[in-house]
Amino acid sequence: MRRGEEFELQSLTVRLLPDHSVAVKAYGRPVAGGRGAYVSFAMPDRPELRALVDAAANRAADLWRGNTGLG
């Protein structure tokens, strides 16, 4: 829900903050359809989404740890 309108979650954007925590924004389209914009809203506080973000952040950390620089 955002401003009284229901949205369907379509993607999550995860950012690493300077303090090494993560920030998450959810993006979606209005459920009612129409010409609604693709907008951001707070990530719904659901256990499966928290687990998804945690797993993605850990995987990204593993990939960065193994990077070899600009070949």
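Select histidine 20 in this predicted model: histidine 20 takes a positive phi near 75°. The residue belongs to the hairpin of E1 and E2, which has five residues between the strands.

Next, display the two strands of that hairpin, E1 (7-16) and E2 (residues 22-30). They run antiparallel and are joined by nine bridges. Two of the paired positions can be picked out individually. Threonine 13 has lysine 25 in E2 as its bridge partner, and leucine 9 has glycine 28 of E2.

Now extend the selection to the whole sheet. The sheet is open, with three strands in the order E1-E2-E3 and antiparallel pairing. E1 and E3 (39-42) stand at the edges with a single partner strand each, so one side of each is left without a neighbour in the sheet. From one strand to the next, the twist averages 40°.

Add helix H1 (47-65) to the view. H1 packs on the sheet, where it touches E1 and E2, and its direction makes about 35° with that of E1.

Finally, turn to the largest pocket, whose volume is about 210 Å³. Select Val14, Leu16, His20, Val22, Val53, Ala56, Ala57, Asn58, Ala60, Ala61 and Trp64 to show its lining. The histidine at which the tour began, His20, is thus among the lining residues. Which element supplies the largest share of the lining? H1 does, with seven residues; E1 and H1 each supply at least two. Colouring the lining by residue class gives nine nonpolar residues, two polar and no charged.

Methods:
Residues are numbered from 1 along each chain as its sequence is written. This is a predicted model: local features need pLDDT of at least 70, side-chain atom pairs count only at pLDDT 80 or more; totals for chains, interfaces and linings use all residues. Side-chain values use heavy atoms; hydrogens and water are left out. On a 1 Å grid over the protein atoms alone, a cavity is a set of points where a 1.4 Å probe fits but cannot get out, and a pocket is an open set with protein on both sides within 12 Å along at least five of seven lines; lining residues have an atom within 4 Å of a point. Grid points are joined across faces, edges and corners, and a volume is the space filled by probe spheres set on the points. Helices (H or I, at least four residues) and strands (E, at least two) are DSSP runs, numbered from the N terminus. Ala, Val, Leu, Ile, Met, Phe, Trp, Tyr, Cys and Pro count as nonpolar, Asp, Glu, Lys and Arg as charged, and the others, Gly among them, as polar. Two strands pair if DSSP finds at least two bridges between them. Axes are lines fitted to C-alpha atoms, for helices over the stretch in contact, and angles run from 0 to 180 degrees between N-to-C directions. Contact means heavy atoms within 4.5 Å.
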